[in-house]
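This report describes a two-chain protein model for a reader at the bench. It proceeds from the chains as wholes to individual residues and their pairings.

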Amino acid sequence: MKVEEIRDLINFIAQSPLDEVNIETDEFKINVKRNSGVPTYEKTAYVQPQVQVQPQAQVQPQVQVQSQVNTETPITPVANVSNNAGANAGNYITVKSPMIGTFYRSSKPDSPLFVNVGDEIKVGQTLCIIEAMKLFNEVEAEIAGRIVKILVDNASPVEYDQPLFLVEPV
Amino acid sequence: MYNFSTLFFGKSLIYLPECLSTNEYALQMLSDKNSEKILFDGTLIITDKQTAGKGQAGNTWDTNPNENITLSLVLKPHFLDANEQFWLNMVVALGIFDFVSSKITNNISNDLDNDLDNNSVKIKWSNDIFIGNKKLGGILIQNILSGKNINYSIIGIGLNINQLHFNIPTATSLVLASTNANTHTPINTYNVRVCVEELLSYLEKRYLQLKENKKALIKFEYLQNMYRYQEKAMFEDIEGTFEGEIIGVDEIGKLCIKKNNKLHYYHFKEVKFL
């Protein structure tokens with residue numbers, strides 16, 4: 001059974017009114033159980049079932065897959081840029097990290113910085129590099145504007161969705 | 001000049017007699033709206049003489065002209081999210097592995113006197129190709145992201161083919177690895193052009209597997225052919241040297257090593273193979 005199939009199955013179960021489901025095949029035992037006793041199947045109810053997948057024939061012994069699945073539409077933003085509704089952020093737009101990695105403000109240590117605070121940026125302009133596992137990623141601007149703040153120090157680790165830049169759109 | 005039996009890899013080709021780095025050339029083309037237009041999915045940028053090849057983390061990749069493969073492929077893996085990019089690394093490593101394996105087994109099959117360990121083709125995490133304990137080639141992937149999407153992926157590959165002498169003792173070439181263990185004579189000189197054609201076929205096959213979402217197969221084969229996978233070996237991390245065993249890689253490509261019966265996940269450069 002593929003991970004995608006398991007995910008589909010869990011999503012299907014999550015949308016059903018059942019509180020607990022056990023499925024057993026030759027390959028897998030899956031146990032899906034809801035955390036909250038809140039009545040489900042309401043659009044407003046936020047349900048987070050805990051999912052444990054325990055493959056019996058493991059390619060990688062001693063690795064347990066544990067994941068949390070939201071039953072609601074994923075909260076992950078579709079685009080990398082989202083409006084920051086923070087109190088002092090005003091109408092600024094936050095550029096977020098699309099991946100886990102290390103944040104670099106120039107292509108090499110002695111090269112000029114891609115952007116500085118106050119710089120005007122164009123769509124498609126390189127803002128930074130994020131490196132992970134020797135894969136190097138140039139992050140391009142999706143909007144035109146002016147860099148208001150750089151939220152991460154050079155050569156520091158960044159998480160998925162971590163805010164990197166504040167941009168004032170023009 | 002080339003005759004590719006691929007669907008789209010190499011169908012568009014930019015040949016440079018000499019250049020600093022094919023990856024750098026591709027990046028420069030992509031930074032210009034007009035030249036970006038002619039970089040189709042699968043475009044091959046290839047040179048006979050790379051003078052400033054890029055290795056890992058700013059290291060250089062030195063290569064004799066005309067003897068080796070130095071190329072970049074421009075891909076548009078729009079079916080992958082940025083945080084899934086380690087899959088690109090796995091399929092490229094596997095494509096090169098397939099190509100090298102086809103050469104090595106063709107030449108030394110049935111030669112029981114050959115020391116298997118010295119000639120086994122392996123993928124060294126995260127993206128080097130080894131024969132025995134020596135490096136045959138490497139991969140440098142540079143992506144251009146827009147939002148959470150990978151707009152372009154530039155796949156740089158350096159693979160030693162006919163070079164006989166290296167400045168560093170840990171490097172090898174296909175010809176050196178194909179040397180007959182008994183007579184110590186090189187088996188042949190490879191036709192680099194044919195090697196490129198074959199390599200691209202293997203790479204495309206693996207890339208299409210990823211596009212078809214055959215991730216379980218890709219990960220299984222990546223691990224099965226990984227250098228020191230599930231072997232007790234010495235490593236070094238921030239706490240010092242230790243004996244450990246590679247158990248796998250996680251979703252973003254971190255190496256999972258069992259150390260003192262606990263699993264540790266390492267980013268590149270956080271662990272050293274000894």
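Accessible areas are obtained by the Shrake-Rupley method with a 1.4 Å probe; for residues, only the protein chains shown count as cover. On that basis, chain A has an accessible surface of about 10100 Å², and 51% of this surface belongs to carbon and sulfur atoms. The model is predicted, and local features are reported where pLDDT is at least 70.

**The two chains**

Chain A is built from one helix and 13 strands. Along the sequence, the helix comes ahead of the strands, in the pattern α-β-β-β-β-β-β-β-β-β-β-β-β-β. Chain B contains seven helices and 14 strands. The table sets out the overall values for each chain.

| Property | Chain A | Chain B |
|---|---|---|
| Buried residues | 37% of 170 residues in chain A | 57% of 274 residues in chain B |
| Contacts at separation of at least 6 that join residues at least 24 apart | 48% in chain A | 65% in chain B |
| Accessible surface | about 10100 Å² in chain A | about 12200 Å² in chain B |
| Share of surface from carbon and sulfur atoms | 51% in chain A | 49% in chain B |

**A lysine of chain A and its partners in chain B**

A:Lys134 is placed in the loop that joins strand E9 (126–132) to strand E10 (135–140) of chain A. Is this lysine, A:Lys134, buried or exposed? Its relative accessibility is 4%, so A:Lys134 counts as buried, the cut-off for that class being under 20%. The backbone of A:Lys134 has a positive phi of about 70°, although the residue is not a glycine.

The side chain of A:Lys134 also reaches chain B, where it makes a polar contact of 2.6 Å with the side chain of B:Asn127. In addition, a network of salt bridges links A:Lys134 with B:Asp128 and B:Lys135. Within chain B, B:Asp128 and B:Lys135 form a salt bridge in which the closest N and O atoms are 3.2 Å apart. Both B:Asp128 and B:Lys135 are buried.

The backbone of this part of chain B has a further feature. The peptide bond from B:Trp125 to B:Ser126 is cis, with omega near 5°. B:Ser126 belongs to the loop between strand E6 (121–124) and strand E7 (128–131) of chain B.

**Salt bridges between elements of chain B**

Over all chains, the structure has 15 salt bridges. Side chains of opposite charge can pair when their charged atoms come close. One of these salt bridges joins the side chains of B:Asp98 and B:Arg206, with an N to O distance of 2.6 Å. B:Asp98 is part of helix H3 (residues 86–108) and B:Arg206 is part of helix H6 (residues 192–211), so their pairing ties together parts of chain B that are 108 residues apart in sequence. Both B:Asp98 and B:Arg206 are buried.

Another salt bridge connects B:Lys259 with B:Asp237, the closest N and O atoms being 2.8 Å apart. Here B:Lys259 lies in strand E12 (residues 255–259) and B:Asp237 in strand E10, so the pair ties together parts of chain B that are 22 residues apart in sequence. B:Lys259 and B:Asp237 are both buried.

**Helix H7 and the loop that follows**

Which residues of helix H7 (residues 215–224) of chain B are buried? They are B:Lys215, B:Ile218, B:Lys219, B:Tyr222 and B:Leu223. Viewed down the axis of H7(B), these buried residues fall within an arc of 125°, so they line one face of the helix. An α-helix has 3.6 residues a turn, so residues three or four places apart point the same way.

B:Arg228 is located in the loop between H7 and strand E10 (232–237) of chain B. Its phi is near 65°, a positive value in a residue other than glycine. B:Arg228 has a relative accessible area of 17% and is buried.

**A nonpolar patch on chain B**

B:Met1, B:Leu13 and B:Tyr15 make a nonpolar surface patch of about 300 Å². Of these residues, B:Leu13 is found in strand E1 (residues 13–19) of chain B. With a relative accessible area of 34%, B:Leu13 is partly exposed.

Definitions and conventions:
Residues are numbered from 1 along each chain as its sequence is written. Chains are lettered from A and ligands numbered from 1 in the order in which they are written. This is a predicted model: local features need pLDDT of at least 70, side-chain atom pairs count only at pLDDT 80 or more; totals for chains, interfaces and linings use all residues. Side-chain values use heavy atoms; hydrogens and water are left out. Helices (H or I, at least four residues) and strands (E, at least two) are DSSP runs, numbered from the N terminus. Buried means under 20% relative accessible area, exposed over 50%, partly exposed in between (1.4 Å probe, protein chains only). Contact means heavy atoms within 4.5 Å. The arc is that of the directions from the helix axis to the C-beta atoms. A polar contact is a pair of N or O atoms within 3.5 Å; within protein, one must be able to donate a hydrogen and the other to accept it, and residues adjacent in sequence count only if both atoms are side-chain atoms. Patches are made of residues with over 30% relative accessible area and no salt bridge: like charges are joined within 9 Å, nonpolar side chains (Val, Leu, Ile, Met, Phe, Trp, Tyr) within 5 Å. A salt bridge is a side-chain nitrogen of Lys or Arg within 4 Å of a carboxyl oxygen of Asp or Glu.
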